[in-house]
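Colleague: I've got a model open and I'd like to learn how to read it. Could you walk me through a few features?

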Amino acid sequence: MTNSVLIVSNNAADIKQLDYALRNEAADQYDIESAIKLSEAISYLTSHKVDAILLDLSLPDSQGMNSFHRLSRIVPFTPILILVDEAANLSIDKSDSTGIAGYLAKSHSPNYLVAQTVRNVLQHQLKQTMSFIEKTRAEIILNSIGDAVVGTDLAGNIDYLNVAAEQLTQWTRQHAKGRAIADVMPIINAETRKSTRNPVDVVLENDHPSTLKPGAVLVRPDGSELNIEDSTAPVHDSSGSLVGAVMVFHDITATQAMSAKLAYFAKHDFLTNLPNRILLNDRISQAINLANRRHTQLAILFLDLDNFKHINDSLGHGVGDLLLQSVTEKLCSCVRHSDTVSRQGGDEFIILINEDQSGENAALTANKILRVLSNSQNVGEHVLHVTTSIGISIYPNDGENAETLIKNADTAMYQAKERGRNNFQFFKKEMNERAVERQLIESNLRQAIDRKEFVLHYQPKINLRSGVITGAEALLRWPHPLWGNVKPARFIGIAEDSGLIVEIGRWVLREACLQMKSWIENGILILNIAVNISALEFRRLDFATSVADILADCKLDGKYLQLEITESVLMQDVDLSTDILRELKKMGVKIAVDDFGTGYSSLSYLKKFPIDVLKIDQSFVRDIGALNEDCAIVSAIVAMGNSLNYLVVAEGVEDTTQMNFLKKIRCEEGQGYVIASPMEANKFSFFVEKNRSVV
Ligand SMILES: Nc1nc2c(ncn2[C@@H]2O[C@H](COP(=O)(O)O[C@H]3[C@@H](O)[C@H](n4cnc5c(=O)[nH]c(N)nc54)O[C@@H]3COP(=O)(O)O)[C@@H](O)[C@H]2O)c(=O)[nH]1
């Protein structure tokens, strides 16, 4: 390696001697330049880099230390050796000598000593440069890492803080330097609030790495606190002696908050904040232990919202979520603090009622829930009516553990659904058989669709005045290959709960439309064919479109189709129902309100819907003649319906007494066994042919 050296001297003999000494005695190679004036040297240095300067302080244009200072300003990092006479050497002011790399006695130094001195200076400079680079690199790394790094000396006084440490401690490096670590970083325990020894002090005492115990909190100058986690280690010099400590730490406040959140949501439902199945199981187990000790009972209420799926499907999950939150509030308002309301997912809730006396509290709570939920709920811009079906199991009678109690309450809930929803049922052992049967029916229903096992029967409707057959109601029949005819009452509810009703309903609609088309073509002159539409079908976003598609496929004019929809389905969301009905009306489709009288029976609400037909529920018709009250109700419905220009149809007409009464009160149409039971399509054609008028 070649080093470049500049000799600045006005003495040619000195230059020659130094040049000779460096070229001939040194192990290294040198490029040697000389300048006889300071100005010459400065000019050279502005365009050349040199590794060392040998400077005579006595120059023609500059004298003494002034020469040194001027040069060192231009090349501050280049070592400058001062050439001195032995005597002159003594005259240099020590306080003014900062930055001088060394002294060289000009004429008295043997050549080898000149060479060695210059070499030493160059090597020292190289070491300094390397050390500077390393320090800078370390500084950059330390400042770019996210962890805070604090260094101390052997006494535990701070000598270093990286940028992250400055931010976390709220101390600048400048202010912290020299202060005791415990002053800059006071640490306390999160729970006891007592001060904790700084790990740096522990490390310096034991000369061994150490860390803070969990729960360490750093108290900052502004009083704010940070949860921290550290790793502190001793620092040794090259001889292995302890010279200080380094503490690396980071803020775990966010991490701790996140893990606390994760722990919370492992046991709670995200949407409603209610305990989830895991926490509920825990609580039930605890409640069972308590009930055993106190010889008391406890109750499990299994709730499933009625027709929630339709709301979710038609109004979107956002509205569904809001409804679940609103229901949560209402449920919580119905129980004591000691009870647990939990959400199992979807629209299922389970309530644990502690210390129940033979199911008394459970029945009271269930009644309260039914009452509270029956009020309409404002959800966003929608006014929704939601009801619930509740199954109840009691410990110890209905199960010895959480799993069995929940399973049996679930079974009882299905029973409540079958009993018309919006009610509660206590678990009974026989219900388990029912639950097994439900599952069997559901799996057979799936096969029935594939195997095309369903057929439609048709029941005539007549004009009660003229006796003319006006239309037919299509009714689904399931002749099961092994079980024989399965009643709709046994499978429609299961098809609705499982969602299978959508596929089945589409088949019914298409089949009925094809049949009507065929009757028209064959001169079977009825006004329309009525098809029952379940809530799940009606609430689907594509319902109106699928009706239009089926009519188009079957080439049937919409005026020949009547859709029977129950009041409760229409009332679930009045605005949405109105929109769907309007779409259907545009196609010419007739709308009948089925089972009228069993639901809200609010004519003021019904007036909002574009309805054509009111079908009085058969439960009122059945007791005509027997119950005055029912006669009055039927008369009132007929009168109101007529005045609002609805076509009123009485269903379930079974005898002539009922028929005569209906005629008398001017009920327009009737349907029931006294006229004809539902029958196969070909029999219906024959029936129409034969009975142009049946009354
Ligand atoms: N979503 C769909 N629901 C359907 C479909 N087909 C039927 N259903 C619904 O199932 C319930 C039971 O129906 P079903 O056993 O067919 O009973 C109907 C008639 O057979 C019966 N009826 C007719 N006349 C009389 C009578 O004089 N007395 C008497 N006790 N019962 C009689 O009434 C049922 C018709 O009811 P409604 O639909 O309310 O007009 C029933 O709720 C059906 O709606 C389907 O395809 N889809």
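**Reading the model together**

Modeller: Sure. Let's start with a loop: leucine 644 is found between helix 25 (628-643) and strand 29 (647-651). Keep in mind that this is a predicted model.

Colleague: Is leucine 644 buried, exposed or partly exposed, and why?

Modeller: You count neighbours: 20 or more other C-beta atoms within 10 Å makes a residue buried, 12 or fewer exposed. Leucine 644 has 13, so it comes out as partly exposed. Its C-alpha atom is 8.3 Å from that of lysine 607, although the two are 37 residues apart along the chain.

Colleague: Now helix 1: which of its residues are buried?

Modeller: First, the general idea. An α-helix has 3.6 residues a turn, so residues three or four places apart point the same way. In helix 1, the buried ones are Ile15, Leu18, Ala21 and Leu22. Viewed down the axis, the buried residues of helix 1 fit within an arc of 135°, so they line one face. Ala12, Ala13, Lys16 and Asn24 sit on the other side and are exposed.

Colleague: What do the buried residues of helix 1 pack against?

Modeller: Strand 1 (2-8), strand 2 (29-35), strand 3 (52-56) and helix 5 (111-144).

Colleague: And the ligand: how many residues surround it?

Modeller: There are 23, and the closest are Leu476, Pro488, Asn532, Gly672 and Tyr673. Sorted by class, that shell holds nine nonpolar, seven polar and seven charged residues. Strand 23 (469-480), helix 17 (488-498), helix 18 (501-521) and strand 27 (590-596) each give at least two residues to the shell.

Key. Residues are numbered from 1 along each chain as its sequence is written. This is a predicted model: local features need pLDDT of at least 70, side-chain atom pairs count only at pLDDT 80 or more; totals for chains, interfaces and linings use all residues. A residue is near a molecule or strand if its C-beta atom, placed from the backbone, lies within 6 Å of it. Helices (H or I, at least four residues) and strands (E, at least two) are DSSP runs, numbered from the N terminus. Ala, Val, Leu, Ile, Met, Phe, Trp, Tyr, Cys and Pro count as nonpolar, Asp, Glu, Lys and Arg as charged, and the others, Gly among them, as polar. The arc is that of the directions from the helix axis to the C-beta atoms. Two residues are in contact if their C-beta atoms, placed from the backbone, lie within 7 Å.
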